[in-house]
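Please look over the model below with these notes beside it. They take up how some of its helices pack and what lines its largest pocket.

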Amino acid sequence: MTSLDKPTEDTSADDARAVTEAALFEAFGGVRGMVETVLPGLLFVTIFTINKDLHWSAIAALAVSLLLVVVRLVMRDTVKHAFSGVFGVAFGVVFAMMTGNAKDFYLPGMLYTLGLAVAYIVTTLFGVPLIGLILGPVFKENLSWRTRNPGRKKAYAKASWAWGLILLAKCAILFPLYWWADTAQLGWVLVALKIPPFLLAVWLTWVFLAKAPAPIDVFAEMEAQEKAEEERKAAEREEAAGGRHRRQA
């Protein structure tokens, strides 16, 4: 390797890491997505800690979730993360109102976390790691990593195991608290556990993917195939036209 080769390799590696960071940012919502995830629950537990009023706490949490969606719409930004937050808060509000137990505001989200943890692990065991299904379209590789890019499939499997185990560990903390702690205690622990496990899982995903082979851009491949097909048909038309001219001559 010459001294001229190394900067090129470093630049390529830096580009790969930058692409991975951008894809993870897009897939998981970045800083704004984290704020939209934490804020409704934080508002709920803060109000409930102060006045122990389930109705006002629930209304405030739902209102701020809707406000976040409106802000996204006004700014013409993607609303998928904000909408998912609204649905999550709405389920929690309905559940808590039906049972009259403020702790049940958190139960749908906890069950979703448990289900997601199981999904990460089960899909990985079956050879279709969930994180690959989520990030494949973002990297424009779709499912090509399953059969054409084994190194990338291995990285997705490692990342899915990381997500599954981290979320299971989170559930192992929260579900006992659901039974033994009061609403305020459960709420504050849940808020505290919103971001750190998420950041750890995202960081591990970045580590695994940054070391993996580059994604196969299937969209670029399809465009190249279409272009080649168009050129082939154009050449055939030109050859046919030339043949007609020769026969007429």
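1. H8 and H10 pack with their axes 9 Å apart and at an angle of about 165°, where axes are lines fitted to C-alpha atoms, for helices over the stretch in contact, and angles run from 0 to 180 degrees between N-to-C directions. The two helices, H8 and H10, are therefore roughly antiparallel to each other, a label for angles over 145 degrees. H8 passes H10 in a right-handed crossing, meaning that the near helix is turned clockwise from the far one by less than a right angle, while an anticlockwise turn would make it left-handed.

2. On the H8 side, the residues in this contact (heavy atoms within 4.5 Å) include Tyr156, Trp163 and Ile166, and on the H10 side they include Phe198, Phe208 and Leu209. By class, the contact of H8 with H10 has 14 nonpolar, one polar and two charged residues; here Ala, Val, Leu, Ile, Met, Phe, Trp, Tyr, Cys and Pro count as nonpolar, Asp, Glu, Lys and Arg as charged, and the others, Gly among them, as polar.

3. The model is a predicted one, in which local features need pLDDT of at least 70 and side-chain atom pairs count only at pLDDT 80 or more, while totals for chains, interfaces and linings use all residues. Residues are numbered from 1 along each chain as its sequence is written, and side-chain values use heavy atoms, with hydrogens and water left out.

4. H8 also packs against H9 (residues 183-192), the axes coming within 9 Å and crossing at roughly 165°, and H8 and H9 are therefore roughly antiparallel to each other. Their crossing is left-handed. Ile173, Leu174, Leu177 and Tyr178 of H8 meet Leu186, Val189 and Leu190 of H9, and this contact has seven nonpolar, no polar and no charged residues.

5. For H5 and H8, the axes lie 8 Å apart at an angle of about 150°, which makes H5 roughly antiparallel to H8. H5 passes H8 in a left-handed crossing, and their contact has 19 nonpolar, four polar and one charged residues.

6. Which residues lie nearest the centre of the largest pocket? They are Thr37, Ser84, Tyr112, Thr113 and Lys194, out of 38 that line the pocket. A pocket is an open set of points on a 1 Å grid over the protein atoms alone, where a 1.4 Å probe fits, with protein on both sides within 12 Å along at least five of seven lines, and lining residues have an atom within 4 Å of a point.

7. By class, the lining of the largest pocket has 25 nonpolar, nine polar and four charged residues, and its largest share, eight residues, comes from H4.

Note on methods. Helices (H or I, at least four residues) and strands (E, at least two) are DSSP runs, numbered from the N terminus. Angles under 35 degrees count as roughly parallel, over 145 as roughly antiparallel, 65 to 115 as roughly perpendicular and the rest as oblique.
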